[in-house]
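Thanks for coming, everyone. I'll take one structure today and walk through it piece by piece. Have a look at it while I talk.

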Amino acid sequence: MANLFAGLESLGLEGLNSEEVFKEEKKEEAKKEEKRELTEEEKEAREEDFIFDKNFTCPVCDHEFTSKMVRTGKVRLIGADDDLRPIYQDVDSLKYDAVLCPKCGYAALNRYFNFVMNAQAKAIKENISANFTFKQEEGKIYNYDDAILRHKMALACTVVKRGKNSEKAYTCLKLGWLCRGKRELLMKGDDSLKEEIAALAEEEKECLENAFTGFKEAFSKEDFPMCGMDQHTMMYLLAELAYRTGNPEDAKFYCSKVLTARDANSRIKNKALDLKEKLTSKE
């Protein structure tokens with residue numbers, strides 16, 4: 001390659017070559033890129049900064065233990081999926097919603113954990129505790145496998161204690177969201193994970209199907225608010241779950257219920273309108 005600085009030797013400038021032209025700019029760009037990448041890595045590595053150990057007393061066996069929870073004041077909500085799955089910056093808070101007693105195996109979503117009747121505690125001891133063994137997680141955070149296991153235990157306990165349909169449905173919904181979260185994480189990897197990604201998609205769909213069934217049963221039999229949702233939010237959620245699980249007629253039914261409700265808030269009506277457009281486009 002010719003040297004752009006050829007001829008300047010006569011002026012006393014020696015040792016310059018063509019590579020020097022943009023060398024400093026390239027150095028600066030490299031520094032910026034390195035700084036950007038380090039910032040992203042630091043964000044990913046600092047999930048533990050949002051986590052703390054909360055003390056619990058098991059209502060089934062009275063064992064005192066800690067469970068990792070999210071410092072809610074530190075996480076920032078940045079969006080939500082159409083089925084209302086919240087998306088937070090830096091940490092998936094959904095991973096920390098199931099509380100599991102490491103001694104007897106009783107588990108439940110945090111909002112339900114302390115509410116256990118005597119007959120329910122007896123059922124847990126007989127059907128869960130009798131054969132339960134558990135090795136405490138060693139990491140500073142819960143990974144998706146830890147979280148999915150905890151939520152499956154919560155679902156098993158809810159079934160055993162004959163919890164309300166809404167509690168079973170809500171647990172299924174959160175379990176489905178966790179499967180989606182893990183699937184999205186694996187999709188950033190290589191092609192060797194295709195089978196696991198496909199299996200997670202199937203598991204997510206099964207969870208959402210069960211959530212739809214449970215919420216549909218609870219809708220006519222339980223009081224509102226339900227799982228923190230009012231009647232119109234629940235109707236929209238039923239519509240979206242029906243759409244996602246291949247039940248367009250049910251989706252249209254609940255969607256129309258939201259759109260014709262005079263007292264439904266504008267946010268939910270707008271989401272129902274978006275869903276109606278998706279349903280119409282597939283006809």
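I'll start with the overall layout, then go to the cores, a pocket, some buried polar and charged side chains, and the backbone.

First, a caution. This is a predicted model. Everything I quote is computed from it.

So, the layout. The protein chain holds 8 helices and 6 strands. Read from the N terminus, the order is α-β-β-β-β-β-β-α-α-α-α-α-α-α. That is one helix, then the strands, then the remaining helices. The chain has 283 residues, and 40% of them count as buried. Now take contacts between residues at least 6 apart in sequence. Of those, 60% join residues at least 24 apart.

On to the interior. In soluble globular proteins, nonpolar side chains tend to be buried together. Here, the largest nonpolar core has 66 residues. Which of its members touch the most others? Y106, L173 and F215 do. Let me open up Y106. Leaving out residues up to four places away in sequence, Y106 touches C58, P59, V60, V99, L100 and C101. Its list goes on with Y112, F113, V116, I124, C157 and K161. There is also a second, separate core, with 7 residues. Among them are F50, I51, V75 and V91.

Next, the second largest pocket. Its space comes to about 610 Å³. The lining has 24 residues. Which of them lie nearest the centre? Those are P86, Y88, D97, Y170 and K174. By class, the lining counts 15 nonpolar, 5 polar and 4 charged residues. Where does the lining come from? Strand β2, strand β4 at 86-88 and helix α4 at 165-186 each supply at least two residues. Helix α4 gives the most, with 4.

Strand β2 brings me to K68. That lysine lies in β2, which spans residues 64-70. Is K68 buried or exposed? Its relative accessible area is 14%, under the 20% cut-off, so K68 counts as buried. What does its side chain meet? There is a polar contact with the side chain of D53, at 3.3 Å. Beyond four places in sequence, K68 is in contact with I51, F52 and D53 on one stretch of numbering. The rest of its contacts are Y96, G139, K140, I141 and Y142. Note I51 in there: I51 is also a member of the second core.

Now helix α5, residues 194-219. Two residues from it are on my list. One is E204, which sits in α5. E204 has a relative accessible area of 6%, so this glutamate is buried. Which side chain does E204 pair with? The side chain of R183, through a polar contact of 2.8 Å. Leaving out residues up to four places away, E204 touches G176, C179, R180, R183 and R244.

The other is C207, also in α5. At 7% relative accessibility, C207 is buried as well. Apart from neighbours within four places, C207 is in contact with C172, L175 and G176. G176 also appears among the residues that E204 touches. One distance for you here. C207 and Y170 are 37 residues apart along the chain, and their C-alpha atoms are separated by 9.8 Å. You have met Y170 already, among the residues nearest the pocket centre.

Last topic, the backbone. If you plan to check torsions, here are three places to look. Where is the cis peptide bond? It runs from F224 to P225, with omega near 0°. P225 is found in the loop between α5 and α6, and α6 covers 231-244.

C227 is in the loop between α5 and α6 too. Its phi is near 55°, a positive value in a residue other than glycine. C227 is buried, at 9% relative accessible area.

The third place is D90. D90 lies in the loop between β4 and β5, with β5 at 98-100. Its phi is near 75°, again positive in a residue other than glycine. How accessible is D90? At 30% relative accessibility, D90 counts as partly exposed.

Let me pull the buried charges together. K68 has its polar contact with D53, and E204 has its own with R183. That's my tour. I'll take comments now.

Conventions. Residues numbered from 1 in each chain as written. Predicted model: local features only at pLDDT ≥ 70, side-chain atom pairs only at ≥ 80, totals over all residues. Heavy atoms only, no water. Buried < 20%, exposed > 50% of the residue type's maximum accessible area, 1.4 Å probe, protein only. Polar contact = N/O pair within 3.5 Å; in protein donor to acceptor, adjacent residues only side chain to side chain. Contact = heavy atoms within 4.5 Å. 1 Å grid on protein atoms, 1.4 Å probe; cavity = no way out; pocket = protein on both sides within 12 Å on 5 of 7 lines; lining within 4 Å. Points joined across faces, edges and corners; volume = space filled by probe spheres on them. Nonpolar A, V, L, I, M, F, W, Y, C, P; charged D, E, K, R; others polar. Core = buried A, V, L, I, M, F, W, Y, C linked by side-chain atoms within 4.5 Å.
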